[in-house]
Amino acid sequence: MLFDEIKARIHEYRAQEKTLFTTSSFQSHSIVLLHMLSRIDKTIPVYFINTGYHFPETVRFRDQVSNLFGLNTLV
């Protein structure tokens, strides 16, 4: 049900020609949102804020999730 509500809201915003984006830390708690976005609209930019303090594993995980879900990830 939540998925359908998010999908409807995204389509509503698109119809109003609003600009959409999201941010993500690409931690385990981010996966649900990223997966939903990948199923609704893969063109929505996902901004990864590079603080310069990420573990190399975090950056690899970001790349793996982005590739797996086909996300439009911007660094």
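The largest pocket in this predicted model has a volume of about 180 Å³. Its lining is formed by E5, I6, R9, I10, Y13, L20, F21, T22, L33, L37 and I44. Two helices, α1 (2–15) and α2, each contribute at least two residues to this lining. The largest share, 5 residues, is supplied by α1. By residue class, the lining of the pocket comprises 8 nonpolar, 1 polar and 2 charged residues.

Helix α2, which spans residues 31–40, also packs with helix α3, which spans residues 56–69: the axes of the two helices come within 10 Å and cross at roughly 30°. Angles under 35 degrees count as roughly parallel, and α2 is therefore roughly parallel to α3. The crossing of these two helices is right-handed. On the side of α2, the contact is made by I31, L34, H35 and S38, and on the side of α3 by F61, V65 and F69. These contact residues divide into 5 nonpolar, 2 polar and no charged.

The table sets out the residue classes for the pocket lining and for the helix contact.

| Set of residues | Nonpolar | Polar | Charged |
|---|---|---|---|
| Lining of the largest pocket | 8 residues | 1 residue | 2 residues |
| Contact of α2 with α3 | 5 residues | 2 residues | no residues |

Helix α2 thus appears in both parts of this description: α2 supplies at least two residues of the pocket lining, and I31, L34, H35 and S38 of α2 take part in the contact with α3.

How values were computed. Residues numbered from 1 in each chain as written. Predicted model: local features only at pLDDT ≥ 70, side-chain atom pairs only at ≥ 80, totals over all residues. Heavy atoms only, no water. Axes fitted to C-alpha atoms, helices over the stretch in contact; angles between N-to-C directions. Helix = DSSP H or I, 4+ residues; strand = E, 2+ residues; numbered from the N terminus. Parallel < 35°, antiparallel > 145°, perpendicular 65-115°, else oblique. Left-handed = near helix turned anticlockwise from the far one by under 90°. Contact = heavy atoms within 4.5 Å. Nonpolar A, V, L, I, M, F, W, Y, C, P; charged D, E, K, R; others polar. 1 Å grid on protein atoms, 1.4 Å probe; cavity = no way out; pocket = protein on both sides within 12 Å on 5 of 7 lines; lining within 4 Å. Points joined across faces, edges and corners; volume = space filled by probe spheres on them.
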